[in-house]
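Thank you for letting me take this slot in the meeting. I would like us to look at one structure together, slowly, beginning with a single residue and then moving outwards to the whole chain.

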Amino acid sequence: MGEVSTSLFQDARLQLDKAMQYVSLSEDTLEYLKYPKTSLQVSIPVRLDNGSLRVFQGYRVLYDTTRGPGKGGVRYHPNVSLDEVKSLAFWMTFKCAALNLPYGGAKGGITLDPKSLSKMELERLSRGYIDAIADLIGPDVDILAPDVYTNSMIMGWMMDQYSLIKRRIERGVVTGKPLAIGGSVGRDTATGTGAFFVIEAIAPKLALVPETTTVAVQGFGNAGAVVAQCLAEAGYRVVAVSDSKGGIYRPSGLDIPSIRHIKEESRGIQAVYCEGSLCNLVDHDVVTNEELLTLPVDILIPAALERQITQHNADQIQARYIFEVANGPITSGADAILEAKGIQVFPDILVNAGGVTVSYFEWLQNRGGWYWSADQVKKRLKERMVSEAHHIWEVAQSKQISLRTAAYVHALHRIGDAIEAKGTRKDYISRKD
């Protein structure tokens with residue numbers, strides 16, 4: 001089957017199949033991980049502001065609960081489908097295990113263009129989604145979080161609706177909430193910050209010096225903008241960034257804080273330099289998202305959506321290293337091409353795990369009723385991201401395998417141990433004296 005016709009979930013499963021060659025686990029482990037535990041598709045009727053009724057399609061997939069309750073975000077996007085949500089839940093299963101979080105994997109989404117709805121319509125939709133899935137979520141069952149085109153306000157609506165249904169306050173059912181109703185400091189920037197900690201930990205192993213290292217970031221949303229700014233502040237030369245409308249490229253480097261300021265003010269990207277309240281346009285080249293991926297840089301950071309690098313453009317990639325901040329931005333076919341070219345890929349289940357890690361911290365704070373400072377959150381996030389990055393690097397080096405395969409091997413050992421702790425075939429077969 002060709003790459004184009006392969007479903008996202010089938011492609012995701014290939015990553016697991018490759019990793020299974022390097023681990024010695026019970027056959028029960030692979031059998032457990034073949035299919036999601038629960039897949040739910042719901043219809044959500046919403047009364048629009050003009051009085052008309054529109055029905056939206058929503059999804060929630062709970063993939064695995066071997067290591068704990070499900071954990072995963074909810075995305076609002078026109079391309080959301082059951083196949084996509086199932087794949088994202090699959091990746092979350094391994095991400096949580098790779099970071100040693102006491103969770104299984106889950107994911108949810110609604111198929112729509114959120115920009116086409118008013119804020120009141122989005123609230124009705126978000127509350128309707130919770131009405132539809134309430135019986136299958138909870139602080140000890142499946143915990144929601146923000147994802148593409150969802151934010152803290154939407155998470156607040158969802159927590160409030162679930163609390164109304166259960167007739168008690170349930171802060172732990174959702175993470176990524178506003179601080180005023182139980183959110184954690186540092187959660188809104190956690191994905192980008194966590195990715196920066198991984199790059200910072202790995203850079204010395206690659207002999208990368210910040211001042212001479214060039215970076216391109218595809219996707220200047222919450223995660224991409226944060227990691228770009230962290231890198232710029234650390235001395236890296238960020239030469240290109242893009243959003244859904246296109247990108248900018250300046251070989252001498254971009255002023256990322258100024259670009260973030262313009263993006264937040266005008267919702268567009270321009271190469272500018274801002275001082276005080278004055279911003280001046282600076283020389284730059286306009287590039288498409290596709291062109292940005294092929295720029296001659298040291299580090300490429302795909303931070304947009306899945307399947308950005310495929311068999312069709314992998315040969316054109318010139319970056320030396322790729323750090324996946326988006327989920328699944330590289331297909332399995334492209335992976336093989338990049339590996340043959342000597343390009344090292346640092347996988348999403350490690351690099352973008354800062355979001356779920358601080359979500360875990362928020363869940364702990366909700367359960368304990370004791371809230372941490374920004375410094376405490378940052379310190380604990382860095383410790384975990386750096387520690388697991390080193391572990392995965394060591395697995396890759398010792399087994400002489402790719403970093404993606406190493407991350408899955410690392411996660412599989414933890415999932416396998418949890419499955420075997422409950423008993424496997426060897427514990428039940430009869431033994432002859």
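Does Tyr149 count as buried, partly exposed or exposed, and what is its relative accessibility? Before I answer, please keep in mind that what you see is a predicted model. Tyr149 has a relative accessibility of 40%, and because a residue is called buried under 20% and exposed over 50%, Tyr149 counts as partly exposed. If you look for its place in the chain, you will find Tyr149 in the loop between β5, residues 142-146, and α5, residues 152-166. The backbone at this point also deserves a look, since Tyr149 has a positive phi of about 60° although it is not a glycine.

Let me set another residue beside that one. Asn100 is not a glycine either, and its phi is positive, at about 60°. Asn100 sits in the loop that lies between α3, residues 82-98, and β4, residues 104-111. With a relative accessible area of 39%, Asn100 is partly exposed.

Now I would like to step back and describe the chain as a whole. Its secondary structure comes to 15 helices and 14 strands. Along the principal axes, the C-alpha atoms fill a box of roughly 80 × 60 × 45 Å. What radius of gyration would we expect for a compact globule with 433 residues? The expected value is near 22 Å, and the chain has 22 Å, which agrees.

As for the inside and the outside, buried residues make up 58% of the 433 residues. The accessible surface comes to about 18700 Å², and carbon and sulfur atoms account for 50% of it. If we take the contacts with a separation of 6 or more, 68% of them are between residues 24 or more positions apart in the chain. On the matter of charge, there are 47 positive and 49 negative side chains, and the centres of these two sets lie 5 Å apart.

From there, let us turn to the strands. Strand β1, residues 38-47, pairs with strand β2, residues 53-62, in the antiparallel sense, and 10 bridges hold the count for this pair. Within the pairing, Ser39 stands opposite Val61 in β2. The hairpin of β1 and β2 has 5 residues between the strands, and there Gly51 takes a positive phi near 95°.

Strand β3, residues 70-77, gives us a question about surroundings: how many of its 8 residues are buried? The count is 8 of the 8, so β3 is largely enclosed by the rest of the structure. β3 pairs with β4 in the parallel sense over 6 bridges, and the bridge partner of Lys71 in β4 is Gly105.

A related description fits strand β7, residues 237-243, where 6 of the 7 residues are buried, so that this strand is largely enclosed by the rest of the structure. Strand β6, residues 214-218, runs parallel to β7 and is joined to it by 5 bridges. In this pairing, Gln218 has Ser242 in β7 as its bridge partner.

I would like to finish with three single residues, taking Val272 to begin with. Val272 is found in strand β9, residues 272-275, and at 5% relative accessibility it counts as buried. Leaving aside neighbours within four places in sequence, Val272 is in contact with several residues, including Asp255, Ile259, Ile262 and Leu281. The C-alpha atoms of Val272 and Asp255 are 6.8 Å apart in space, while the two residues are 17 residues apart in sequence.

Gln318 belongs to the loop between β12, residues 299-302, and β13, residues 321-323. Its relative accessible area is 47%, so Gln318 is partly exposed. Not counting residues up to four places away in sequence, Gln318 touches Thr294, Leu295, Pro296 and Val297. Ala19, by contrast, is 299 residues from Gln318 in sequence and 26 Å from it in space, C-alpha to C-alpha.

Lastly, Gly186 is found in the loop between α5 and α6, the latter being residues 190-202. At 29% relative accessibility, Gly186 counts as partly exposed. Between the C-alpha atoms of Gly186 and Gly138 there is a separation of 23 Å, with the two residues 48 residues apart along the chain.

Terms used:
Residues are numbered from 1 along each chain as its sequence is written. This is a predicted model: local features need pLDDT of at least 70, side-chain atom pairs count only at pLDDT 80 or more; totals for chains, interfaces and linings use all residues. Side-chain values use heavy atoms; hydrogens and water are left out. Helices (H or I, at least four residues) and strands (E, at least two) are DSSP runs, numbered from the N terminus. The radius of gyration is taken over C-alpha atoms; the globule rule is 2.2 Å times the number of residues to the power 0.38. Buried means under 20% relative accessible area, exposed over 50%, partly exposed in between (1.4 Å probe, protein chains only). Contact means heavy atoms within 4.5 Å. Accessible areas come from the Shrake-Rupley method with a 1.4 Å probe; for residues, only the protein chains shown count as cover. Lys and Arg count as positive and Asp and Glu as negative; His and the chain ends are not counted. The place of a charge is taken as NZ of Lys, CZ of Arg, CG of Asp or CD of Glu. Two strands pair if DSSP finds at least two bridges between them.
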